[in-house]
Amino acid sequence: MKKKIAIARGDGIGPEVVAEGIKILKVLQNFSDYQFDFIETPLGGQVLKDTGTNLPQKSFDLMKKSDAILFGAIGLPGLPLGAAESAISKIRQGLDLYVNLRPIKLFESLRDKCPLKEEYIQDGIDMTIIRENTEGLYAKIGAEVSDNIVINKMIYTRKSVERIIKFGFEYAKKKGHSEVISVDKANLLECSQFWREIYLEIGKNYQDIKQRNFYIDAFCQWLIRKPYTVQTVVTENMFGDIISDEAAYLIGSLGMAASGNINPGKVSMYEPIHGSAPDIAGKGIANPIGTILSVKLMLDESFGEKLYGDLIENAVELSLEQGRTIDILPKNELRKGKLKTLNTNGMGDLISQHFQTLLKK
Ligand code: IPM
Ligand code: MG
């Protein structure tokens, strides 16, 4: 099977982690029927500086013609706020990638890296945040700026709310989750009242799945109070942005969290949720696991290869017992002594070796 993968390395640590994601795909290529054609699609802050645009038309056209996109990170110090970052909205909206899928799973061996006490972790953290990815405040509709007043309008359309909530329920069904939580601010915002009405309406078709509403402020608290009870969460764009960063820290490091920007059945884009991290760029210490798990998501969601995806996750699990990048080294000195400290490349190599061994079985 031939697949064209658009490679959007971006800025900062983006190129370093994307290289490790490609490594995993190359292992798969060597041990399966897959043949990957990696197509460079430059974008981001440096590209803006060099060419005057953060997303050259040529890159976007190549993305559109690909089977999936692997994205690193964008953002460069010294540029005006948002100058590089707007490329991501252009892709999400341009390709109508309406689902932002953000699985948050605490690996057993990283329990001591979770900032919460044991009583708040209990039998573990394993949830998925499903964020609407094209509308809300991110649509930038009606933005108005004058000297003394600035306006951003939040917009939701029935079509968008329906499709993301349906996706959420179907996802929960597929994963065997017993509950779908919807997060809104319906005690204040009309957009949220509209959202909640549609959530309740669609929920009627999923009677065997428990349904529960949280206001965004209460949910931020719930996430650190009973994270072990949370399964599938659906929410609007900006609330999803905020809670997914909070949740990502629960699994030990922002570097562990993967995401998919998905339009089911169409070209979709996979990226670690961390940013370009300019402070550690070029040092070779970035954690590539968020990117490698994004490749897992790509195989799962775009190519229907759950088995290969699971093997990648197993390979990560096995690797964490042997070596780690500095952000996820154990706190306990004794345990730390038993593990190798790895750089980005070494972490990617170790996971690739395990993946290869698992594929050969
Ligand atoms: C994310 C990021 C982006 C967002 C930024 C870079 C615009 O924080 O993917 O979560 O807010 O969506
Ligand atoms: Mg974010």
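**Figure 1. The whole chain of the predicted model, seen as a compact globule.** For a chain of 361 residues, a compact globule would have a radius of gyration near 21 Å, and because the chain has 20 Å, its value agrees with that expectation. The structure is a predicted model, and its C-alpha atoms fill a box of roughly 55 × 50 × 45 Å when the box is taken along the principal axes. The secondary structure of the chain comes to twelve helices and 14 strands, and 46% of the 361 residues count as buried. Among the contacts in the chain with a separation of 6 or more, 76% are accounted for by residues that lie 24 or more positions apart.

**Figure 2. The two domains of the chain and the contact between them.** The domain assignment gives domain 1, which is made of residues 1–103 together with 255–361, and domain 2, which covers residues 115–250. The centres of domain 1 and domain 2, taken over C-alpha atoms, are separated by 24 Å. To the contact, domain 1 gives 14 residues and domain 2 gives 15 residues. On the side of domain 1 that touches domain 2, α4 (86–94) and β4 (99–105) each supply at least two residues, and the largest share, five residues, comes from β4. Sorted by class, this side of domain 1 has seven nonpolar, four polar and three charged residues.

**Figure 3. The surroundings of ligand 1.** Which residues surround ligand 1? They are Glu-85, Ile-88, Asp-241 and Ile-273. By class, the shell around ligand 1 divides into two nonpolar and two charged residues, with no polar residue.

**Figure 4. Helix α12 and the elements against which its buried residues pack.** Helix α12, which runs through residues 344–360, has 17 residues and reaches 24 Å from its first C-alpha to its last, close to the 24 Å expected at 1.5 Å a residue. The residues of α12 that are buried are Thr-344, Met-347, Gly-348, Leu-350, Ile-351, Ser-352, His-354 and Phe-355. These buried residues pack against three helices, α1 (14–30), α9 (289–302) and α10 (306–320), and against the strand β13 (323–324).

**Figure 5. Helix α10 and its packing partners, α12 among them.** Helix α10 has 15 residues, and from its first C-alpha to its last it reaches 21 Å, which is close to the 21 Å expected at 1.5 Å a residue. Its buried residues are Tyr-308, Leu-311, Ile-312, Ala-315, Val-316, Ser-319 and Leu-320. The buried residues of α10 pack against α1, α9, β13 and α12, just as those of α12 pack against elements that include α10.

**Figure 6. Two residues with a positive phi, Asp-96 and Gln-122.** Most residues other than glycine have a negative phi. Asp-96, although it is not a glycine, has a positive phi of about 50 degrees, and this residue is found in the loop between α4 and β4. Asp-96 counts as partly exposed because 13 other C-beta atoms lie within 10 Å, a number above the limit of 12 or fewer for an exposed residue and below the 20 or more for a buried one. Gln-122 is likewise not a glycine, and its positive phi is about 45 degrees; Gln-122 is found in the loop between β4 and β5 (126–132). With 12 other C-beta atoms within 10 Å, Gln-122 is exposed.

**Figure 7. Lys-226 in a loop of the chain.** Lys-226 is found in the loop between α7 (216–225) and β10 (232–235). Is Lys-226 buried or exposed? Lys-226 is exposed, because 11 other C-beta atoms lie within 10 Å. Although Lys-226 and Ile-121 are 105 residues apart along the chain, their C-alpha atoms are separated by 7.5 Å.

**Figure 8. Asn-152 and the residues it touches.** Asn-152 is found in the loop between β7 (150–151) and α5 (158–175). It counts as partly exposed because it has 16 C-beta neighbours inside 10 Å. When residues up to four places away in sequence are not counted, Asn-152 touches Leu-137 and Ala-143. Thr-341 lies 189 residues from Asn-152 along the chain, and the C-alpha atoms of these two residues are separated by 46 Å.

How values were computed. Residues numbered from 1 in each chain as written. Chains lettered and ligands numbered in written order. Predicted model: local features only at pLDDT ≥ 70, side-chain atom pairs only at ≥ 80, totals over all residues. Near = placed C-beta within 6 Å. Nonpolar A, V, L, I, M, F, W, Y, C, P; charged D, E, K, R; others polar. Helix = DSSP H or I, 4+ residues; strand = E, 2+ residues; numbered from the N terminus. Rg over C-alpha atoms; globule rule 2.2 N^0.38 Å. Contact = placed C-beta atoms within 7 Å. Domains from an automatic or database assignment. Expected span 1.5 Å × (residues − 1).
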